[in-house]
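Here are a few notes to read alongside the picture. Keep the structure open and look for each item as you go.

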Amino acid sequence: EEKRPFDQLEITIQMTPLSNTRVRLDFMKGRALNDRAPLPFLKDFKFNFPPKGLNDLIAIVKGQDPKQEPQTYFDLLYIDNEVRAHRTGEGKIFVQKRDVN
């Protein structure tokens, strides 16, 4: 049997364009579902992320302008009707294909 921490994970993210290529990501809330959780309240666990104002404050303390370089963002590298490629603020590159079904 495959061991995983949860059966399903849902994350709500607010995306805000900062320029033609940069998109700010603010993680809003989440939900983890796990039928095999050891405690009943963990079977359907809902949680909130810290408010985005806190992330802005962290950026300012680090000497960054949150309107230019927020804590979480991606830079769009390529996009068409089928594929999107972007680089995260951590430098990771993702290529995603649109589901046409």
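1. Start with strands S4 (residues 83–88 belong to its partner, S5): the two run antiparallel and are joined by 5 bridges. This is a predicted model, so please read every point here as describing a prediction. To get from S4 to S5, the chain makes a hairpin through 3 residues.

2. Now look at the other pairing of S4, which covers residues 73–79. Its partner here is strand S2, residues 22–33, and the pairing is antiparallel again, over 3 bridges.

3. Phe74 is a handy residue for finding your way around. Which residue in S5 does Phe74 stand opposite? In S5 that is Thr88. Turn to S2 and you'll find Val23 standing opposite Phe74 in S4. As you trace these strands, remember that in a regular strand the side chains alternate between the two faces of the sheet.

4. Step back to the whole chain. How many helices and strands does the protein chain have? Count them and you get 1 helix and 6 strands. Walking along the sequence, the order is β-β-β-α-β-β-β. The radius of gyration is 17 Å, well over the 13 Å that the globule rule gives for 101 residues, so the chain is more spread out than a compact globule.

5. For the overall dimensions, picture a box of roughly 45 × 40 × 20 Å along the principal axes: the C-alpha atoms of the protein chain fill it. Of the 101 residues in the chain, 19% are buried. If you take the contacts between residues at least 6 apart in sequence, 30% of them join residues at least 24 apart.

6. What about the surface? The protein chain exposes about 8000 Å², and carbon and sulfur atoms supply 55% of that area. As for charge, there are 17 positive and 15 negative side chains. The centres of those two sets lie 2 Å apart.

7. Last stop: Asp99, in the segment after strand S6 (93–97). Is Asp99 buried or exposed? Its relative accessibility is 60%, and the cut-off for exposed is over 50%, so Asp99 counts as exposed. Try finding Glu82 as well: Asp99 and Glu82 are 17 residues apart along the chain, and their C-alpha atoms are separated by 8.0 Å.

Definitions and conventions: Residues are numbered from 1 along each chain as its sequence is written. This is a predicted model: local features need pLDDT of at least 70, side-chain atom pairs count only at pLDDT 80 or more; totals for chains, interfaces and linings use all residues. Side-chain values use heavy atoms; hydrogens and water are left out. Helices (H or I, at least four residues) and strands (E, at least two) are DSSP runs, numbered from the N terminus. The radius of gyration is taken over C-alpha atoms; the globule rule is 2.2 Å times the number of residues to the power 0.38. Buried means under 20% relative accessible area, exposed over 50%, partly exposed in between (1.4 Å probe, protein chains only). Contact means heavy atoms within 4.5 Å. Accessible areas come from the Shrake-Rupley method with a 1.4 Å probe; for residues, only the protein chains shown count as cover. Lys and Arg count as positive and Asp and Glu as negative; His and the chain ends are not counted. The place of a charge is taken as NZ of Lys, CZ of Arg, CG of Asp or CD of Glu. Two strands pair if DSSP finds at least two bridges between them.
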